[in-house]
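The following exercises invite the reader to study a protein model step by step. Each task is followed by a worked solution.

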Amino acid sequence: MRILIADDEPVSLRMLQKTLRRAGYEVTAVRDGRAAIEELCCSDGPRLALLDWMMPEFDGPAVCREVRRRRGERHVHLVLLTSRSSKQDVVIGLESGADDYLIKPFDPDELKARLHTGLRILQLEDNLVEVREAMLYKATHDALTSLLNRGTIVELLAHELSRTRREDGCTIAVLGDLDHFKLVNDTHGHLVGDEVLREVARRLLSSVRSYDFVGRYGGEEFLLVLNNCDAKKSLKRAEEIRTAVCGSPIVTSQGPLVITASIGAIASRGRIPETVEDFLCEVDRALYTAKSAGRNCCRIAGAEV
Amino acid sequence: MRIEVVSEVSKVVPNGVLIARFVDLSDLLARVENDCELLIELFAMFKEELPARRAALHNAIQLGDLHLATAEAHTLKGMLANMSTKHAASLAATIETAARVGDMAAVNVMLAAFDTEIEAFSKAVNEFVAGH
């Protein structure tokens, strides 16, 4: 675990450094408050700190206040270590944002025990962040395919359309639907259907650039949001995606299955709709046109193909 | 009892008898987790650091800057306490308190006592460091 120690008094600094290294900490030592703030406010800075009160530039409480103000997301466990021992000082120190207060000269066992308390708090925070991130992932992704779920992909489309409007760019939305997918489920069972959906998701992801988005829009429907595209290439991109899905049979536990897809696409350039729903309505109509045209083909909204 | 402690610690800290008159060596040894090399290194650093800090305190008092004198006395108190030099640390603490309340007369009286103690202590530190 990394720890920052800030103390302008070299003997005290050295003693702390040696004690903490012996206890297994990776120590960063600084001699003034400004350097302490810079270290602690780095995104990958230490999350545990021992701060002297009286230091040049910023004193210990000022460091606490500044770190609390600037470093929002992750907690930094701040311990003031000072020879100021009055009750009033302890109150001022803790009120400034310190998590703990130790009086010099320190006892090494007590110091280590207090730091263990800090580590427990940081570990608890790490666990909570991990759980929150897992929940966020579940809330935004489809459990079967691990693609973005409908709510998230639509939200991203709305965001991209709004950005496109500002920057005079072009976003292409591609809505794909697997042809006769119900037949796969009815003939081979839902587990095979799931295998197909997972493989289609993988193929879709490999057919787009890292900054494009792919989501599961419905049962066997997929929505892709392609950023910074040339509107004239909408059909070409849609065809590439269709080929990626249908180019070769999908190998399942019941054997290889030939899967095709119908695709509707729409480019935002020259047709900024009022709402994302309007945009989706248009791409849905293009998909319907592709279905009506015999499936396993692409149609562009507004284009006479 | 005190002599017993001194002689006991002196076995662990070579050349530690003189300095043990000023420093609670058993307390300091415990705080450096019985690392004699570190203890010697700390005294060498302390020897280098002390004159400048003393001069800063004297300067602040001569200028009549009691705010600065408070800070300098506080630093000296911390340094001395850190080295388990308890009597000298308590003298520095009285200077800090007197300076904080603006009692210049008390500051000067305590400074004289502090200087006497520190002079003797510095000699012990110099001897100790020279012996290692």
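**Exercise 1. Determine how many residue pairs are in polar contact between chain A and chain B, and describe the side of chain A that takes part.**

Solution. The model is a predicted one.

Step 1. Counting pairs in which both residues reach pLDDT 80 or more gives seven residue pairs in polar contact between chain A and chain B.

Step 2. On the side of chain A that touches chain B, helix H1 (10-22) and helix H5 (108-140) each supply at least two residues. H1(A) gives the most, with eight residues.

Step 3. Sorted by type, the residues of this side of chain A are seven nonpolar, four polar and six charged.

**Exercise 2. State what area is buried between chain A and chain B, and which residues of chain A supply it.**

Solution. Step 1. The contact draws 17 residues from chain A and 20 residues from chain B.

Step 2. The buried area comes to about 1900 Å². Carbon and sulfur atoms give 60% of this area.

Step 3. Of the area that chain A buries against chain B, 30% comes from Val11(A), Met15(A) and Arg22(A), more than from any other three residues.

**Exercise 3. Find the salt bridges between chain A and chain B, and explain why the pair of Lys18(A) and Asp35(B) joins two chains.**

Solution. Step 1. Side chains of opposite charge can pair when their charged atoms come close. Between chain A and chain B the count is five salt bridges, while a search over all chains finds 39.

Step 2. Lys18(A) and Asp35(B) meet through their side chains in a salt bridge, at 3.4 Å from N to O. Lys18(A) belongs to helix H1 of chain A, whereas Asp35(B) sits in the loop between helix H2 (25-31) and helix H3 (36-63) of chain B; the pair therefore joins two chains.

Step 3. Lys18(A) has a relative accessible area of 25% and is partly exposed. Asp35(B), at 14%, counts as buried, because it falls under the 20% limit.

Step 4. Another salt bridge pairs the side chains of Glu33(B) and Lys112(A), at 2.4 Å from N to O. Both residues belong to a network of salt bridges that links Lys18(A), Arg22(A), Lys112(A), Glu33(B) and Asp35(B).

**Exercise 4. Identify which parts of chain A are linked by the salt bridge of Arg47(A) with Asp126(A) and by that of Lys291(A) with Asp179(A).**

Solution. Step 1. In the salt bridge of Arg47(A) with Asp126(A), the closest N and O atoms are 3.0 Å apart. The pair links distant parts of the chain, 79 residues apart: Arg47(A) is in the loop between helix H2 (33-41) and strand S3 (48-51), and Asp126(A) is in helix H5. Arg47(A) is buried, with a relative accessible area of 14%, whereas Asp126(A) is partly exposed at 25%.

Step 2. For Lys291(A) and Asp179(A), the closest N and O atoms of the salt bridge are 2.9 Å apart. Here 112 residues separate the partners along the chain: Lys291(A) lies in helix H10 (residues 276-292), and Asp179(A) in the loop between strand S6 (172-178) and helix H7 (181-188). Lys291(A) counts as buried at 18% relative accessibility, as does Asp179(A) at 6%.

**Exercise 5. Decide whether Arg216(A) is buried or exposed, and describe its surroundings.**

Solution. Step 1. Arg216(A) lies in strand S7 (residues 213-216) of chain A. Its relative accessible area is 16%, so Arg216(A) is buried.

Step 2. The side chain of Arg216(A) makes a polar contact with that of Asp142(A), at 3.2 Å.

Step 3. Beyond its neighbours within four places in sequence, Arg216(A) is in contact with residues including Leu144(A), Arg150(A), Leu197(A) and Glu221(A).

**Exercise 6. Establish which residues touch the most other members of the largest nonpolar core, and where Ile153(A) lies.**

Solution. Step 1. The largest nonpolar core has 59 residues, of which Leu50(A), Phe43(B), Phe114(B) and Phe121(B) touch the most other members. Leaving aside its neighbours within four places in sequence, Phe121(B) is in contact with Ile19(B), Phe22(B) and Phe43(B), among others.

Step 2. Apart from this core lies another, of 32 residues, among them Leu197(A) and Val208(A).

Step 3. Ile153(A) lies in helix H6 (residues 150-167) of chain A and is buried, at 0% relative accessibility. The C-alpha atoms of Ile153(A) and Val225(A) are separated by 7.8 Å, although the two are 72 residues apart along the chain.

Technical notes
Residues are numbered from 1 along each chain as its sequence is written. Chains are lettered from A and ligands numbered from 1 in the order in which they are written. This is a predicted model: local features need pLDDT of at least 70, side-chain atom pairs count only at pLDDT 80 or more; totals for chains, interfaces and linings use all residues. Side-chain values use heavy atoms; hydrogens and water are left out. Contact means heavy atoms within 4.5 Å. Buried area is the accessible area (1.4 Å probe) that two parts lose on being put together, summed over both. A salt bridge is a side-chain nitrogen of Lys or Arg within 4 Å of a carboxyl oxygen of Asp or Glu. A polar contact is a pair of N or O atoms within 3.5 Å; within protein, one must be able to donate a hydrogen and the other to accept it, and residues adjacent in sequence count only if both atoms are side-chain atoms. Helices (H or I, at least four residues) and strands (E, at least two) are DSSP runs, numbered from the N terminus. Ala, Val, Leu, Ile, Met, Phe, Trp, Tyr, Cys and Pro count as nonpolar, Asp, Glu, Lys and Arg as charged, and the others, Gly among them, as polar. Buried means under 20% relative accessible area, exposed over 50%, partly exposed in between (1.4 Å probe, protein chains only). A nonpolar core is a set of buried Ala, Val, Leu, Ile, Met, Phe, Trp, Tyr and Cys residues joined through side-chain atoms within 4.5 Å.
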